[in-house]
Amino acid sequence: MRELSGAWTRHSGDFWGGFAAMLVALPASVAFGVTIYAAIDPHYAAFGALAGVLGAMALGLIAPTFGGTDRLITAPCAPAAAVLSAFAIDLVQQGVSPTSIVLLLTVLGILTGTLQILIGFLGVGRLIKFIPYPVVSGYLSGVGLIIIGSQLPKLVGAADGNRWYKVIFSPELWDWRGVAIGGATIIAMLFSSRISRKIPGTIIGIACGALTFAGLALFDPSMATLENNPLVIGPLGATGEGYIALITDRWQQIGELRLSQVGSLFTSALTLAVLLSIDTLKTCVVLDRLTRSRHDSDRELAAQGLANMTASIVGGMPGAGQMGATMVNYSSGAKTRISGVIEGLTSVVAALALGSFIAWTPVATLSGVLIVIGLRMIDTDPLRFLESKSTAIDFVVVLAVVGVALTVGLIAASATGVILSIMLFLREQVGGTVVRRKSFVGERSSAWYRPENEMRLLEKKGQSAIIFELQGSLFFGTAQQLYRTLEPELATTEYLILDLQRVQSVDVTAAHMLNLVRDALSERNVPLLLSNVRERLPSGRDLREFLELSGLRADDEHVIYLPTLEAAIEWVEARLLGDSKRPDADEQPPLELHEIELFKGSKPDTLVDLEACLEKRSFKAGETIFSCGDPSNDLYLIRKGEVKIVGSVGQGGAMKHIATYGRGDFLGGQAFLDNRQRSNDAIAIRDCDMYILSLEKFNYLADEHKRIALVLMTKLARLLSIRLRHVNEELTLLQDN
């Protein structure tokens, strides 16, 4: 007993949520079904109501059982009503018999479910979410307008076959009883929130419409009969025997369909499958945001497809995850998928128990419900696009989608929107620049800290080496733009560096353009340097492999791949300074004290006392000289070898190569001056010989030889100032670009 009580406590929210969702979904399902079948023949309205009930039942039971999204309510929906009613109207105009149209609707629903299952298994569900917002907005507004247009004649009680635009301007066609009933329904739904926030607006609207009908029937006896009453749905035959007979008869007749008829349904089935999938996933995304969860798009679409197949097989109409019913379910306390199953069960129970009441539901009331649903589907947010010239074109896309939806069809509208969005994307890509920054080697620096005379030389000669940092997508739309930017430099530059760190994609056209750049430079024996050529782009493509296959091979003497922009700048600096022809660093002898950068120009005999205070030490390649956080305040003078400085960058603490010091340079100057902990790591790149001056020995030296100490501090401060000035200039350059 305690277990039963616990189970009820856990799932009471699911029960009330599913019951509340049924109160919203079932009337709408009946209205959608009536819309579709009334388009075939007015006498088929009762079949439509029954199809809506069966659809709500089958979708409610199957979709949550096999789907994975908690709280999602699946039921017949507006997109299905719009597509299927348009399909039925087209067949009527072609002269197809009503019986055949019903059979074709059944097969269409089965094909739609099959395609949705296929979409789920192929993993296409994840791609549907990337349909551009203007397309989705235009599609929703288009469906809303289609629903409104299809319901206006029914709302005013006009005879079937009259177009909405004819009905609006022909009051003589109106049945004022239907206008009064539908108007009461619409007004009640629009102002339902002021009446009660706990009762769904659909229920309030139907109740007001039914009361209006009852009030008018007091003065019009013809409204009090169910038979041949055009103002109500009519008998459903909603009994167990009626359900079975309907399903059995339909499947006995379906064998009479020709294969060519079934094949002609594929386009409509694909349209409906895509629209229902979008509708479902849109609702799932909203649920994810509310519940901080994540749905499985492919699993959900496969479950939706199975539910739509089942619904069609039993004579119901297909549907999707419904936003309105799902929100009612969520706000009523539902937690799991059980709420969806409860919605399906209570739908069939309500249909059996209230079959007579549903039969008396006014057609104008259902039309009023659908018109309000259609109005709420119209997305007015794109009107904000008109406030700016930059987004006005996006509003045009929305209008184009709506226009094509109303004049041609929903699938054509979706295709039109996607094509226009692609064109807008290409326009933005072509209109934007792929060159993030242009600079010269003389304005930048590698991680290598060089002596003052070399830095001055690089500033002078560095204008002959140009750097282009590229960004975005290099494709057929931007390739010519980039070539026009590079072309003026190809005839004059001595070194060209293209940094690809921020490039997101490269196509064959762009690769061919880079080959043309390489060819133009090779005529002058100038190399093309490519830096940050990643082995994995966001698309998964190996950029290095792709460029080599396109002709930019690493064994080509005119194409040089370098891992980073700093490495490319360092490579160019070495050529500008002639370092590439110097002896290997390991073969050079250790420098004497007067040859160190700090003491150049000083007489050797004046440094004798200083040298006596220095410690000579050697470090092997790969050995750590000092680490971040060390209390050491020693000054290191490099007699031979190379040292790199690395430090953590950002919150993640990733280690980055900050600087490189070589023979004749010094490191540790900041800690030597401020006597604080080391802020980075120093690691020997090559075997190093060093002079080391501790702060304690320097203080002792300063007491005895103030002039030598003054010379050391002055030159140390000057060189550190030069380094800092160069860093500031480079930071300014980066900020200005």
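# A four-stranded sheet and its surroundings

Good morning. Strand 9 and strand 16 (residues 688–693) run antiparallel and are joined by five bridges. The structure on view is a predicted model, and I shall begin with the sheet to which these two strands belong.

That sheet is open and has four strands, in the order 9-16-11-14, with antiparallel pairing. At its edges lie strand 9 (615–619) and strand 14 (666–667), each of which pairs on one side only. Within the pairing of strand 9, R617 stands opposite M690 of strand 16.

Let us move inward to strand 11. This strand is joined to strand 16 by five bridges, and the two run antiparallel. On its other pairing, with strand 14, there are two bridges, again in an antiparallel arrangement. One residue, L637, illustrates both pairings: its bridge partner in strand 16 is Y691, while its bridge partner in strand 14 is F666. How many of the residues in strand 11 are buried? Six of the six residues in strand 11 (residues 635–640) are buried, and the strand is thus mostly covered.

Next, a residue from outside the strands. P590 sits in the loop between helix 25 (565–577) and helix 26 (608–612). Which residues does P590 contact, once its neighbours within four places in sequence are set aside? They are R639, K640 and D689. Two of these partners, R639 and K640, fall within the range of strand 11, residues 635–640, and D689 falls within that of strand 16, residues 688–693. P590 and G641 are 51 residues apart along the chain, yet 8.5 Å separates their C-alpha atoms. With a relative accessible area of 30%, P590 is classed as partly exposed because that value lies between the 20% and 50% limits.

I turn now to the charged pairs. The structure contains 15 salt bridges, and I shall discuss three of them, beginning with R502 and E469.

The closest N and O atoms of R502 and E469 are 3.7 Å apart. R502 belongs to strand 6 (residues 495–506) and E469 to strand 5 (residues 465–474), so this salt bridge ties together parts of the chain that are 33 residues apart in sequence. Are the two partners buried or exposed? R502 is partly exposed, at a relative accessible area of 33%, whereas E469 is buried, at 4%. The pair also belongs to a wider arrangement: salt bridges with shared partners link R436, R437, E469 and R502 into one network.

The second example is R177 with D175, whose side chains meet in a salt bridge at 2.9 Å, N to O. R177 has a relative accessibility of 25% and counts as partly exposed. D175 has a relative accessible area of 17% and is buried, because the cut-off for that class is under 20%.

The third is R384 with D381, where the N to O distance is 3.4 Å. D381 is partly exposed, at 37% relative accessibility.

From charged pairs I pass to a nonpolar feature of the surface. W164, Y165, I168 and F169 form a nonpolar patch there, and their accessible area together is about 480 Å². W164 is found in helix 7 (residues 164–168). Its relative accessibility is 41%, which places W164 among the partly exposed residues.

Some overall values may put these details in context. The secondary structure comprises 29 helices and 16 strands. Of the 737 residues in the protein, 51% are buried. The accessible surface comes to about 34,900 Å², and carbon and sulfur atoms account for 59% of that area. Among contacts between residues at least 6 apart in sequence, 81% join residues at least 24 apart.

Finally, a word on confidence. The protein averages a pLDDT of 80, and 84% of the residues score at least 70. Where is confidence lowest, and where is it highest? The lowest mean, 54, belongs to helix 11 (residues 240–253), and the highest, 93, to strand 7 (residues 528–531). Over residues 1–9 the pLDDT is below 50, and this stretch has two contacts in the model beyond near neighbours in sequence. Residues 238–243 also stay under 50, although the model gives them 14 contacts beyond four places in sequence.

Thank you for your attention.

Definitions and conventions. Residues are numbered from 1 along each chain as its sequence is written. Side-chain values use heavy atoms; hydrogens and water are left out. pLDDT is the predictor's confidence in each residue, from 0 to 100. Contact means heavy atoms within 4.5 Å. Patches are made of residues with over 30% relative accessible area and no salt bridge: like charges are joined within 9 Å, nonpolar side chains (Val, Leu, Ile, Met, Phe, Trp, Tyr) within 5 Å. Accessible areas come from the Shrake-Rupley method with a 1.4 Å probe; for residues, only the protein chains shown count as cover. A salt bridge is a side-chain nitrogen of Lys or Arg within 4 Å of a carboxyl oxygen of Asp or Glu. Buried means under 20% relative accessible area, exposed over 50%, partly exposed in between (1.4 Å probe, protein chains only). Two strands pair if DSSP finds at least two bridges between them.
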